[in-house]
Amino acid sequence: MKRMHALCVMLLIATPTVHAADASRNSFKPLPGKAVFLRGDNLVTQALPEYGASRPAALQTPQERAAGLSAVMVTPNGDQYESRMDPQDVAIFEKAIKDLERLGRNATTFGAPPVLPLSGAKTMFTPSAVIGVDNRVQITNTVASPYWHIGRIAIGCTGTLITPKHVLTAGHCVSNGAGTWYSSLNFTVAQNGSYAPWGTQTWTRAVTTSAWHSSADSNYDYGMIVLSAAPHGGNSAWGVYSGGTHVITGYPGDKPTGTMWTHSGSVSTSGAYRLCYTIDTAGGQSGSGIADGGGVTVRGIHTTGSPSQNCGTRITSTVYSTLQNWIATYPN
């Protein structure tokens with residue numbers, strides 16, 4: 001009964017109308033011992049290789065799928081917590097998600113503009129020219145929509161505000177996939193070189209899937225950073241992937257530090273978990289949102305690259321439900 005109650009809470013949180021109080025019934029339990037951290041800025045600046053299509057869900061064991069539905073959380077002082085899914089409940093949970101999809105419950109959370117005024121704004125310029133075969137374009141007006149929700153993570157990645165205080169990014173931007181966390185997770189939204197229009201916020205928690213944190217399973221390479229304060233009170237829209245042209249915007253490591261670049265193109269699914277595309281990216285753009293609507297609504301998280309294609313984690317109904325659960329469990 002306890003397992004079924006937790007499952008019902010997670011499914012309820014799959015809709016944007018659930019309040020944070022519902023999360024008090026979720027089960028994140030303390031783990032023994034302190035976390036191990038890799039310390040230092042800019043440690044994740046190279047693109048992870050893309051090994052091809054992800055392993056189909058039908059070929060995964062219940063234990064592997066349970067790890068993908070489980071999560072681990074860390075605080076800056078090294079406290080760790082885990083929310084573990086029982087393999088016996090995986091089929092029940094997945095059936096419930098499919099039932100929601102049949103009812104058209106592929107939810108989207110709407111965005112909001114900043115509510116605090118800018119101070120010390122600089123003159124903005126037009127995007128730079130495309131050079132050679134590099135189709136990325138620099139965004140110098142980073143305080144315009146939708147770029148004011150995108151920021152640089154000190155570890156060397158990109159993230160997107162999906163609530164005023166929660167940053168969506170790749171799992172490999174918070175954990176190395178072998179049980180070790182990164183400590184440099186402070187977030188600078190709308191950074192433009194040395195210019196930080198809303199300053200830099202410190203982090204209070206980082207969350208990722210157990211499947212990524214312990215086993216580097218790229219099917220579940222996504223994570224979330226909780227900030228100590230809301231940078232400007234706004235956030236991007238985000239929701240379940242539904243096809244079409246998408247935009248990837250972030251902070252590539254092969255461009256001047258702290259500069260924002262963007263490119264768009266068609267996106268296709270690769271198995272149940274992945275999105276792939278020929279949109280230009282580079283290391284440093286890990287964690288960037290794969291966004292539709294001209295970059296307004298995030299539908300996936302960029303994670304990997306190769307000479308033939310780049311790929312990322314698809315926001316499915318399950319991923320959406322999981323992220324809503326994390327947000328409600330850790331509103332601060």
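What volume does the largest cavity have? Keep that in mind while we walk through the model; the answer comes at the cavity stop.

**Before you start**

This is a predicted model, in which local features need pLDDT of at least 70, side-chain atom pairs count only at pLDDT 80 or more, and totals for chains, interfaces and linings use all residues. Residues are numbered from 1 along each chain as its sequence is written, and side-chain values use heavy atoms, with hydrogens and water left out.

**Stop 1: the whole chain**

Show the cartoon. You should find 5 helices and 22 strands; helices (H or I, at least four residues) and strands (E, at least two) are DSSP runs, numbered from the N terminus. Of the 332 residues in the chain, 56% are buried, where buried means under 20% relative accessible area, exposed over 50%, and partly exposed in between (1.4 Å probe, protein chains only). Among contacts with a separation of 6 or more, 74% link residues 24 or more positions apart; a contact means heavy atoms within 4.5 Å.

**Stop 2: the open sheet**

Now colour the 10 strands that form an open sheet, in the order E1-E5-E4-E14-E15-E10-E9-E8-E12-E13, with antiparallel pairing. Strands E1 (29-30) and E13 (200-201) stand at the edges with a single partner strand each, so one side of each has no neighbour in the sheet. Two strands pair here if DSSP finds at least two bridges between them.

**Stop 3: the E1 edge**

Select strand E4 (residues 71-74) and strand E5 (residues 80-83), an antiparallel pair with 4 bridges. Within this pair, Val72 has Glu82 of E5 as its bridge partner.

Next, pick Leu31, in the loop between E1 and strand E2 (37-38). Its relative accessibility is 28%, so Leu31 counts as partly exposed. Beyond neighbours within four places in sequence, Leu31 is in contact with Val72, Gln80, Tyr81 and Glu82, which brings back both members of the bridge pair you just selected. Try a distance label too: the C-alpha atoms of Leu31 and Ser83 are 10.0 Å apart, with their positions 52 residues apart in sequence.

**Stop 4: E8, E9 and E10**

Move along to strand E9 (residues 157-161), where 5 of its 5 residues are buried. Show the side chains: Cys157, Gly159 and Leu161 point one way, while Thr158 and Thr160 point the other.

On one side, E9 runs antiparallel to strand E8 (residues 150-153), joined by 4 bridges. Ile150 has Thr160 as its bridge partner in E9. The hairpin of E8 and E9 has 3 residues between the strands, and there Gly156 takes a positive phi near 115°.

E9 also pairs antiparallel with strand E10 (residues 166-169), over 2 bridges. Here Leu161 has Val167 of E10 as its bridge partner, and the hairpin from E9 to E10 passes through 4 residues.

**Stop 5: two buried loop residues**

Which residues does Asn235 touch? Find Asn235 in the loop between strand E15 (223-227) and strand E16 (237-239). At 7% relative accessibility, Asn235 counts as buried. Not counting residues up to four places away in sequence, Asn235 touches Phe110, Gly111, Ala112, His149, Leu161, Ile162, Thr163 and Pro164.

Then select Ser286, in the loop between strand E19 (274-277) and strand E20 (289-292). Ser286 has 2% relative accessibility and so counts as buried. Its contacts, leaving aside neighbours within four places in sequence, are Cys157, Thr158, Thr169, His172, Cys173, His302 and Thr303. Draw a line between the side chains of Ser286 and His172 to see a polar contact of 2.9 Å; a polar contact is a pair of N or O atoms within 3.5 Å, and within protein, one must be able to donate a hydrogen and the other to accept it, with residues adjacent in sequence counting only if both atoms are side-chain atoms.

**Stop 6: the cavity**

Here is the promised answer: the largest cavity has a volume of about 90 Å³. Of its 13 lining residues, Ile150, Gly289, Ala291, Gly295 and Val298 are the closest to its centre. Strand E17 (245-250) and E20 each supply at least two lining residues, and E17 gives the largest share, 3 residues. On a 1 Å grid over the protein atoms alone, a cavity is a set of points where a 1.4 Å probe fits but cannot get out, and lining residues have an atom within 4 Å of a point. The volume is the space filled by probe spheres set on the points, which are joined across faces, edges and corners.

**Stop 7: helix H5**

Finish at helix H5 (residues 317-329), where 12 of the 13 residues are buried, so H5 is largely enclosed by the rest of the structure. Among the buried ones are Tyr320, Leu323, Trp326 and Ile327.

How values were computed. On a 1 Å grid over the protein atoms alone, a cavity is a set of points where a 1.4 Å probe fits but cannot get out, and a pocket is an open set with protein on both sides within 12 Å along at least five of seven lines; lining residues have an atom within 4 Å of a point.
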